[in-house]
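Hi everyone, thanks for making time this morning. I'd like to walk you through a structure, so please have a look at it on the screen before we go on.

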Amino acid sequence: MISNYLKLAIRNLVKRKGYSLLNILGLAIGMTCCLLIFQYVSYENNYDKFPSKQKQIVRLRLDSYQQGKLAWQSAVVYPAIGPTIKKDYPEVEDFCRLLPNNLVLVNANTNAKFKETQGYFADPSAIKMLGVQLLSGDPDKALNEPDNIIISETMAKKYFGLSDAVGKQLQMPGSNRDRSYQVTGVFKDHPHNSHLRINYLTSYATLVSQLKANGDTSNAAQTSFGWYDFYTYLQLKPGIEGKQFESKLPAFCDRYINSMERNKVNNLKYTLSIIPLSDIHLYSNYKYEAGINGNGRAVSFIFLIGFIIMVIAWINYVNLSTARSVERGREVGVRKVLGAGKTQLVRQFLVESLLMNCMAVLIAFLAFNFLSPTFNQLMGREEPAVVVMSNAYWLWFIILFVAGTLLSGLYPAFVMSGYNPVSVLKGAFKNTSKGLLLRKGLIIAQFGISVILIAGTIIVLRQVNFMRHQDLGFNINQTLVLDGAATLRDSVYMNTYQPFKEELLKQTGIQGVTASTNVPGQEIFWTTGVKRMNPANSESVILHHLGIDYDFIPQFQLKMMSGRNFSKDFPTDENAAILNEMAVSTFGFKDPTDAVGKKLVRRRDTLTVIGVVQSFHHQGLQKAIDPQILLLVPDSRDAYSIKLSSADMPKTVATIENIWSKHFPDDPFNYFFLDDFYNQQYKADQQFGKVFTLFAMLAILIACLGLLGLSSYNILQRTKEIGIRKVLGASTQKVVYILAKDFLILVLIAFMVAVPFTWWIMHNWLQEFAYRINIGWWIFLIAGAIAVAIALITVSFQAIKAALANPVKSLRTE
């Protein structure tokens with residue numbers, strides 16, 4: 001019996017090739033989109049799942065409240081917190097701390113020299129807790145002693161040409177050659193699906209040793225409750241509930257942090273929270289993250305789009321199947337007269353549905369494998385071309401496929417198997433009003449979703465465009481940034497840097513050179529509490545510090561709102577400060593002019609405000625502008641910004657490199673263009689915009705196929721009416737209007753239903769951005785107009801074809 005059903009199903013598909021192709025195409029596109037989306041969502045949700053005890057590991061977050069208001073939330077905390085929590089709470093099995101540690105390293109034997117980033121000072125426990133897989137070396141001893149370093153396999157090959165580098169030495173070049181690191185382990189390259197990018201780890205004992213050598217007598221790396229630069233992870237004991245443990249942290253903060261005199265005097269309060277290791281990538285976007293994390297809300301939204309696309313595809317199947325019900329009504333009638341029961345007919349139509357869906361899923365798998373590398377490239381994946389989808393999402397897809405196949409097949413099956421054979425064979429076949437309402441409801445749902453997707457696409461693209469082209473408050477065009485010289489001792493640095501700068505300025509393609517502790521686009525870690533000298537009881541405000549030289553403000557074209565820039569004509573400027581407008585407001589000054597000349601207290605220093613600059617977006621528009629203080633640090637060596645005017649960039653860069661090598665022979669030459677670097681902050685949002693637009697367009701395409709099906713069905717039902725109208729003199733335009741009117745009404749209803757949903761969804765999405773567009777009414781007008789145009793084009797194709805048909809042939813059906 002099954003083989004008979006299968007033969008009939010194949011015969012029907014072959015007999016109606018156009019219908020079959022349209023149906024299979026819609027289903028295949030929907031399934032391919034769903035697979036690509038599930039692969040993307042699977043990857044995003046599988047970050048940091050590789051450590052063996054990842055379910056027990058959490059990271060601490062520090063929240064600061066100033067005058068009772070939340071000031072900031074930080075991914076880094078104080079170094080004393082980890083060991084103190086382990087001592088006080090038996091629920092904590094272990095802890096580890098990471099402190100960013102960029103190095104310039106050289107292999108003295110080969111002179112292979114590089115500036116290394118994405119490395120950390122780390123406790124020995126970090127190896128096991130964070131899933132660092134040692135290929136050689138002892139994980140229990142590799143980070144126990146000062147000057148121990150473990151490096152990635154790639155890094156080992158880069159310096160030594162082999163992966164087993166245990167026992168080798170790496171030195172600090174230049175005047176730091178007295179310090180060398182012993183390689184005590186080589187680890188497998190850290191997985192890309194981790195919120196941490198780890199190229200190397202140096203022992204925490206190295207940090208303690210370095211601080212002690214620099215005169216630290218307080219053992220700050222172990223005991224400080226004021227130096228918050230440390231990523232701190234806790235490993236809870238099995239069975240400990242995270243939320244229950246988190247509820248004990250306010251008491252810990254009150255005991256060790258909030259009770260400190262400086263915090264009580266300045267009305268500062270701190271709280272600690274935890275976040276599971278596997279949640280950091282999608283749900284942690286706080287200050288000082290180790291890297292750019294993902295967006296859990298965006299991932300969930302795209303996951304929902306995957307479901308929506310599949311639902312639209314199966315709605316199409318229902319509409320296209322019922323569109324053929326008139327054609328197949330006689331077939332059903334004959335088979336019923338010949339003795340076929342309703343159950344047999346239902347089985348037959350379900351086999352057809354299953355066959356069509358299986359053909360579609362086969363095409364979808366082929367398309368998925370073919371498109372995956374391109375899609376991963378679009379998403380900016382760093383991994384090999386194919387990203388494996390986890391078993392959980394394959395199960396999701398199988399469940400969705402089975403459920404959708406059954407549900408989309410059952411409705412047409414029961415509708416067509418329920419026809420009265422006598423009525424059908426007499427030609428008196430009509431559909432029920434309930435069936436017609438259902439199909440119209442499906443069209444409204446499809447185009448309602450289409451309006452949401454069209455308007456959503458416009459809003460997403462406008463927000464990304466707004467961020468990229470908004471006035472930032474400074475000029476970063478034609479600016480090349482060099483990583484600062486790190487190998488020279490402070491005593492000789494300025495005697496080397498100044499001739500370097502003067503030689504650069506003599507070059508025809510270079511307009512300016514300035515040094516600073518950070519450049520726009522880099523997160524500022526240098527923060528300190530600052531307060532007004534008068535009134536004496538004023539409270540401290542956390543300010544983000546930017547060290548600059550005399551040329552920074554004019555070169556970046558920052559706008560002075562009041563006062564002046566730092567000047568060599570004023571020796572006292574070493575104790576001066578320039579504020580941004582946000583800091584002026586935070587301190588409670590009336591206006592920029594009121595702030596100039598006022599005294600500020602910063603730790604033991606007294607600073608005089610000599611100027612106020614217009615607030616500028618040091619970081620992307622996703623983040624609010626922080627209160628900022630600019631200090632004169634002419635010997636800044638973190639970054640050198642070079643303003644270029646040459647059209648021959650390669651030649652200019654080569655010239656700069658030659659001058660660099662002459663003055664800083666022990667430092668590698670690393671550079672980037674500031675506008676490209678700054679715009680990297682919008683990379684995730686741009687990728688989301690691309691993916692959203694792509695799948696929105698495909699969803700709309702599939703919805704059009706559904707409308708095509710219903711319009712085809714409607715025109716078949718009204719064949720005689722069209723013939724009569726034509727005989728009575730109706731023009732082609734009149735007939736097209738009559739046929740298209742009902743569908744346009746459905747689209748307008750869909751538009752009215754979709755508008756409030758769209759506004760609510762996109763308004764919530766925009767709240768993630770500190771600076772955002774307004775959702776104007778015209779966006780919905782454009783979305784509605786596009787939806788109407790799509791519907792009109794789709795329906796008109798069938799309507800014009802019917803209107804141009806010979807009315808005599810239509811009336812012969814009587």
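Let me start with a question: is Leu698 buried, partly exposed or exposed? Leu698 is partly exposed, because its relative accessible area is 22%, and the cut-off for buried is under 20%. Please keep in mind that this is a predicted model.

Where does Leu698 sit? Leu698 is part of helix α24. What does Leu698 touch, once we set aside its neighbours within four places in sequence? The answer is Ile29 and Cys33. Along the sequence, Leu698 and Ile29 are 669 residues apart, yet their C-alpha atoms are 7.7 Å apart in space.

Let's stay on that helix for a moment. Helix α24 covers residues 683-717, and Cys704 belongs to it too. Cys704 counts as buried because its relative accessibility is 14%, below the cut-off of 20%. If we leave out neighbours within four places in sequence, Cys704 is in contact with Ile790 and Thr794. From C-alpha to C-alpha, Cys704 and Thr794 are 6.6 Å apart, with their positions 90 residues apart in sequence.

Now over to another helix. Leu453 is found in α17, which spans residues 433-469. With a relative accessibility of 5%, Leu453 counts as buried. Beyond its neighbours within four places in sequence, Leu453 makes contact with Ile305, Phe692, Ala696 and Ala699. There is also a C-alpha distance to report here: Leu453 and Phe695 are 242 residues apart along the chain, and 8.9 Å separates them in space.

Let me step back to the chain as a whole. It has 814 residues, and 53% of them count as buried. You'll find 28 helices and 24 strands as you trace it. How much of the contact count comes from residues 24 or more positions apart? Among contacts in the chain with a separation of 6 or more, such residues account for 80%. The pairs I just showed you, such as Leu698 with Ile29, can be looked at with that in mind.

Next, a residue in a loop. Phe566 lies between β18 and β19, the latter being residues 576-580. Why does Phe566 count as buried? Phe566 does so because its relative accessibility is 3%, and anything under 20% is called buried. The list of residues that Phe566 touches, not counting those up to four places away in sequence, includes Ile548, Tyr550, Asp573 and Ala576. Also on that list are Ile610, Leu630, Leu631 and Leu632. Phe566 and Leu630 are 64 residues apart in sequence, and their C-alpha atoms lie 9.7 Å apart.

While we are on loops, here are two backbone details. Most residues other than glycine have a negative phi. Asn219 has a positive phi, near 55°. Asn219 sits in the loop between α6 (204-213) and α7 (220-223), and with a relative accessible area of 31% it is partly exposed. Gln557 also has a positive value, with phi near 60°. The loop that holds Gln557 runs between α19 (552-556) and β18 (560-563).

Now for a pair of packed helices. Two such helices are described by the angle between their axes and the distance between the axes. For α3 (residues 81-88) and α9 (residues 249-256), the angle is about 115° and the axes are 12 Å apart. The crossing of α3 past α9 is right-handed. On the α3 side, the residues that meet α9 are Ile81, Thr84, Ile85, Lys87 and Asp88. From α9 come Leu249, Phe252, Arg255 and Tyr256. The residues of this contact divide into five nonpolar, one polar and three charged.

Last stop: the cavities. How many of 30 Å³ or more turn up in a search of the whole structure? The search finds five. The largest has a volume of about 130 Å³. Its lining is made up of 13 residues, and those nearest its centre are His618, Gln619, Ala624, Ile625 and Asp626. By type, the lining of the largest cavity divides into four nonpolar, seven polar and two charged residues.

That's my tour. Thanks for listening, and I'm happy to go back to any of the views.

Definitions and conventions: Residues numbered from 1 in each chain as written. Predicted model: local features only at pLDDT ≥ 70, side-chain atom pairs only at ≥ 80, totals over all residues. Heavy atoms only, no water. Helix = DSSP H or I, 4+ residues; strand = E, 2+ residues; numbered from the N terminus. Buried < 20%, exposed > 50% of the residue type's maximum accessible area, 1.4 Å probe, protein only. Axes fitted to C-alpha atoms, helices over the stretch in contact; angles between N-to-C directions. Left-handed = near helix turned anticlockwise from the far one by under 90°. Contact = heavy atoms within 4.5 Å. Nonpolar A, V, L, I, M, F, W, Y, C, P; charged D, E, K, R; others polar. 1 Å grid on protein atoms, 1.4 Å probe; cavity = no way out; pocket = protein on both sides within 12 Å on 5 of 7 lines; lining within 4 Å. Points joined across faces, edges and corners; volume = space filled by probe spheres on them.
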